[in-house]
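Got the viewer ready? Load the model, keep the selection box handy, and we'll walk through it stop by stop.

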Amino acid sequence: MKVVADREKLAHVVQLAGAICPGRGTRPILENLFLDCDDHTGTIMATDLEVGIRAEVPDLTVEVPGKTLLPFRLTASVLREINEDQIRLEADGQKVLLLSSRAEFQFPTPDPLEYPLVPAFQGKAYHSFTARTLREMLVRTEFAVELDSTRFNLGGVFLELAENSAIAVATDGRRLARQEGPAKQVGKHMPTDHVIIPARAVQLIQRIIGDGEEEVKVAIEDGKIFVITGSSSFYARLIDARFPKWREVFPKDSARISVELPVGELAAALRQAAIVVDSKHPGVWTTFTSGKLVLATRGSEYGESRVEVPISYDGEELTLRLDPRFMLEFLKVLDNDATFTWKVWQPETPVLAETTDGYAYIVMPLISS
């Protein structure tokens, strides 16, 4: 195999695929990237057997087609340190050469035929998203995933697909985030099983897709999710479990309090109030009273705090205690200039925050002691 590549573009694809390469483990061959070149194009692949990627290398000149393995860390280091526009790669099945006009690197490589298959999506049925929509759905839900539990069904983002829309949901049992968005069904694509995308795969998908209006195809097939965008395709094994009946969490009665709040101002006030929070007194007392929202901490070994936020409210006073971390994680994924509607029922029942673009966040108050 002999190819000539644009160094920066090759480096970008190597770094993208390298995010999937596992560290030192029981299968050293997985620490390599698989480069497969036909007469005109080259594709870099990587997998850890749970997730995988296939990414085409732009502006690659193929002189002699072939296959080789590239040791990820060594290859990435060479591409990062060489300050030239182009780099040549040559391989004979046992070693690979990386050549510039002034430098030469030679690495031994395993037999590329021993590398595991990285499946490609061949079907014609999928759901079509814009990159911006899919990214927003994942960003606004992934922080609520349960990471430190044996409840595997909570260890990822649940994706519910309909004919012209999709819903992403995540929960750890103490809070729940849900984002709706437009998605177009193509080829009668309609998964019947619960689609739970593992947390790591959710993060990798965000690295692969853009944040513009370009099309992203999402397909569920054989217990895997495929995400195809431009010249790259990603797959991940889904979590084999059933997601909770998340709709039952949402309150059915009219809210006792419903107020519109500014994201940036509330986030700043919560950060201020939380300065003196300690592990024995983790909550911030949140009081809705005439004309203002009062955030306060009590009994902390570091002292006390009281911060006010003006609000349009003139009803009866109600106080509940919230974990500021849970609220700040929600506010962090919204624009500072945006607003949301906060709905409260009772001091010990779920609190609901909603935006006008299909986002909802439920959090359980801390029980007073």
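Before we start clicking: helices (H or I, at least four residues) and strands (E, at least two) are DSSP runs, numbered from the N terminus. Two strands pair if DSSP finds at least two bridges between them. This is a predicted model, where local features need pLDDT of at least 70 and side-chain atom pairs count only at pLDDT 80 or more, while totals for chains, interfaces and linings use all residues. Residues are numbered from 1 along each chain as its sequence is written, and side-chain values use heavy atoms, with hydrogens and water left out.

**The whole thing first**

Select everything and zoom out. The secondary structure comes to six helices and 26 strands. Along its principal axes, the C-alpha trace spans about 80 × 50 × 35 Å. Of the 369 residues, 51% are buried; buried here means under 20% relative accessible area, exposed means over 50%, and partly exposed is in between (1.4 Å probe, protein chains only).

Switch on a surface if you like. About 18200 Å² is exposed, and carbon and sulfur atoms supply 47% of it; accessible areas come from the Shrake-Rupley method with a 1.4 Å probe, and for residues only the protein chains shown count as cover.

Now for contacts, meaning heavy atoms within 4.5 Å. Among those with a separation of 6 or more, 67% are between residues 24 or more positions apart.

**Stop one: β3 and its two partners**

Select residues 42-47, which is strand β3. How many of its six residues are buried? Six of the six are, so β3 is largely enclosed by the rest of the structure. Look at both faces: G42, I44 and A46 are buried on one side, and T43, M45 and T47 are buried on the other.

Add residues 32-37 to bring in β2, which pairs with β3 in the antiparallel sense over four bridges. To see the register, pick D36, which stands opposite T43 in β3. The link from β2 to β3 is a hairpin through four residues.

Then add residues 51-56, strand β4, which pairs antiparallel with β3 over five bridges. Here I44 has A55 as its bridge partner in β4. The β3-β4 hairpin has three residues between the strands, and L49 in that turn has a positive phi of about 80°.

Carry on past β4 into the loop before β5 (61-64) and you'll find D59. Phi of D59 is also positive, near 50°, in a residue other than glycine.

**Stop two: the β8-β9 hairpin**

Select 95-99 and 104-108. These are β8 and β9, antiparallel strands joined by five bridges. L97 is paired with Q106 in β9, and four residues lie between the two strands of this hairpin.

**Stop three: D222**

Jump to the loop between β16 (215-221) and β17 (224-229), where D222 is found. D222 has a positive phi of about 55° although it is not a glycine. Is the residue buried or exposed? At 67% relative accessibility, D222 counts as exposed.

**Stop four: helix α5 and its surroundings**

Select residues 263-273 for α5, and show the side chains of its buried residues: V263, G264, L266, A267, A269, L270 and A273. A reminder while you look down the axis: an α-helix has 3.6 residues a turn, so residues three or four places apart point the same way. What covers the buried residues of α5 includes β19 (257-262), β20 (284-289), β21, β22, α6 (324-332) and β24 (339-344).

From there, pick T297 in β21 (residues 292-300). T297 is buried, with a relative accessible area of 4%. Beyond its neighbours within four places in sequence, T297 is in contact with A273, V276, V277, G283, V284, G303, E304 and S305. Zoom in on S305: its side chain and that of T297 are joined by a polar contact of 2.7 Å. (A polar contact is a pair of N or O atoms within 3.5 Å; within protein, one must be able to donate a hydrogen and the other to accept it, and residues adjacent in sequence count only if both atoms are side-chain atoms.)

**Last stop: I311**

Select I311, in the loop between β22 (303-310) and β23 (318-322). Which residues does I311 touch, not counting those up to four places away in sequence? They are L261, F288, T289, G291, K292 and L293. I311 is buried, at 9% relative accessible area. Finish with a distance label to G291: the two C-alpha atoms are separated by 5.2 Å, with the residues 20 apart along the chain.
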